[in-house]
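Dear colleague,

Please find below the structure that I am handing over to you. The findings follow directly after it, and I would be grateful if you would read them alongside the coordinates.

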Amino acid sequence: MQYDETLIRNVVAQVLAEVGPMPPGNGAAQQAAQQAASAGGHNGVFYDAESAVSAARAAFEQLRERTLADRKRIIDVIRRISIEQCEELGTMEMEETKIGRLEHKIEKLKTLGEQTPGVEFLETKAFSGDYGLAVIDRAPFGVIGAITPVTHSLPTITGNAVSMIAGGNTVVVNPHPSGKKVAAEGVRRFNEAIEAEIGIDNLICVIAEPTLESAEALFKHRSVALICVTGGPAVGRAALNSGKRAIVAGPGNPPVVVDETADLDLAARSIITGGAYDNNLLCIAEKEVFVVDSVFDAMMDAMRRAGAVQLNAAQIAELTSKAIVTVGDDQHDAACKDYIGKDASFLAAAAGVSVPPETELVFGETDEHHPFVSVEQMMPFMPFVRARDVDHAIAMAKHYEHGFRHTAIIHSRNVRNMTKMGRELDTTLYVKNGPCMASLGLGGEGYLSFSIAGPTGEGVTTPTTFTRERRCSMIGELRVV
């Protein structure tokens, strides 16, 4: 579901050219407003990268003269729209992308409006001693260029916009072409309301007709100080080779391990909850399950009790022949786009089985070499693989996570097994005895973002992610104790 690999390689080659630093701003709000007007767009919707970046830069010059309280007002506007208009915008995204589940499209926007961290995450540090006082604050980068996926088009924009603006930045988004309409409409609504509230337009800009060329233009533009990519490995590599600071939220293939001590009914409910959410489009979602042999059959019983429908070997083979394709010069396995994010009943029909339309997940036993195990398939079919023991299960989980270090899940009451897997897989998110979403504060502790920067190490992004550290030192004065 990401950009074409071959074309992205061309982008990589073109963005290797050295780029200069962001030109300094003059701090003049009046001139910034004139620049925004001359950029030719309104309410953040533009048709070329140059105009969008110009407008975002002008908006940044105005924002930098405003207070933290104003940033909070801006964020409150985004939150309000995300919550109050979640049904309309979620439906719009579902109708455009035609993947996932409507109720989850709606829920994602509502939850982001409620839980995305804001200006409260920005902290000032101070060091006071014999030589005076040093104060460390978080400062914005300026204009951020963002690439967003089709799997969560407007939700990713919404969460990123809150965090980036909280940090004092503005953003230009090059959305996935299959989610461009809802991206543009959501951005238009955000900007219209923000302009009415505080008088600044174009804090969030979107390229209404996104292309690989417009993505490349963002990577190379002198006024773009930071790149944030949420997508697959190819576009992530392009960002990392852009010559700019990049925050890359890459792919995942999250494994689940179930050992002999697990609460199997809880494990089954959790796997269905996480693996079926938005038809498995989440990058953190359970993708394959490795179960210790001594409880394997009991685990399959628990899955059936929890409402999932089991496919037999012949039915899995039939589904695989349609849902997995070979692509690229090396003819590697990949998910067929016609099956990504489709309902479980759609997958079952492809396997020759009729299931109730409300069925959330289909599942079945495979061996570890099955493509549904190795491929980040993004479908509500869950392959279950037998393991000799927990060490074998962890070893397979590590292998098929592919070193992405994204997300891993274990169901166990054995603390040693939990510790062993956590150390072995070394993932950004590690969930014990719950569904994947618990790692983002949805049924667990923590906070929410749809950009999880594993390759570049920032983890679940926050406003602090999109800021620079600045230190101000007063020598020999202002220590009053």
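Two strands are said to pair if DSSP finds at least two bridges between them. By that criterion, E14 and strand E15 (residues 381-387) pair, in the parallel sense and over 4 bridges. Please note that this is a predicted model.

The annotated domain

The UniProt record, an unreviewed entry, carries the annotation "domain: Aldehyde dehydrogenase" for residues 48-435. In the model, this span is 45% helix and 21% strand, and its end C-alpha atoms lie 41 Å apart.

The sheet of 7 strands

E14 and E15 belong to an open sheet of 7 strands with parallel pairing, ordered E11-E14-E15-E10-E9-E16-E17. Its edge strands are E11 and strand E17 (429-432), each of which pairs on one side only.

At one edge, strand E11 (residues 309-310) pairs with strand E14 (residues 362-365) in the parallel sense over 2 bridges. Here Gln310 is found opposite Phe363 of E14. Further along E14's own sequence of partners, Val362 stands opposite Phe381 in E15.

At the other edge, strand E16 (residues 407-411) is joined to E17 by 4 bridges, again in the parallel sense. Within this pair, Val431 of E17 is the bridge partner of Ile409.

The sheet of 6 strands

A further open sheet consists of 6 strands in the order E1-E6-E5-E4-E7-E8, and its pairing is parallel. Strand E1 (45-46) and strand E8 (245-249) each have a single partner strand, so one side of each is left without a neighbour in the sheet.

Within this sheet, strand E5 (residues 170-175) and strand E6 (residues 204-207) pair in the parallel sense over 3 bridges. Val171 has Ile204, in E6, as its bridge partner. Helix H8 (residues 180-198) packs on the sheet, where it touches E1, E5 and E6. The direction of H8 makes about 155° with that of E6.

Helix H4 and its two partners

How do the axes of helix H4 and helix H6 cross, and at roughly what angle? Helix H4 (residues 68-84) and helix H6 (residues 102-115) have axes that come within 7 Å and cross at roughly 150°. Angles over 145 degrees count as roughly antiparallel, and H4 is therefore roughly antiparallel to H6. The crossing of these two helices is left-handed. On the H4 side, the contact is made by Arg79, Ser82 and Ile83. On the H6 side, it is made by Leu109, Lys110, Leu112, Gly113, Glu114 and Gln115. By class, this contact has 3 nonpolar, 3 polar and 3 charged residues.

H4 also packs with helix H7 (residues 153-166), at an angle of about 170° and with the axes 9 Å apart. That angle makes H4 roughly antiparallel to H7 as well. H4 contributes Arg71, Ile74, Ile75, Ile78, Arg79 and Ser82 to this contact, while H7 contributes Thr158, Ala161, Val162, Ile165 and Ala166. The residues of the contact of H4 with H7 divide into 7 nonpolar, 2 polar and 2 charged. Arg79 and Ser82 of H4 thus appear in the contact with H6 and also in the contact with H7.

With kind regards

Terms used:
Residues are numbered from 1 along each chain as its sequence is written. This is a predicted model: local features need pLDDT of at least 70, side-chain atom pairs count only at pLDDT 80 or more; totals for chains, interfaces and linings use all residues. Side-chain values use heavy atoms; hydrogens and water are left out. Axes are lines fitted to C-alpha atoms, for helices over the stretch in contact, and angles run from 0 to 180 degrees between N-to-C directions. Angles under 35 degrees count as roughly parallel, over 145 as roughly antiparallel, 65 to 115 as roughly perpendicular and the rest as oblique. A crossing is left-handed if the near helix is turned anticlockwise from the far one by less than a right angle, and right-handed if clockwise. Contact means heavy atoms within 4.5 Å. Ala, Val, Leu, Ile, Met, Phe, Trp, Tyr, Cys and Pro count as nonpolar, Asp, Glu, Lys and Arg as charged, and the others, Gly among them, as polar. UniProt positions are given in the numbering used here, feature names are shortened, and annotations may be inferred rather than shown by experiment.
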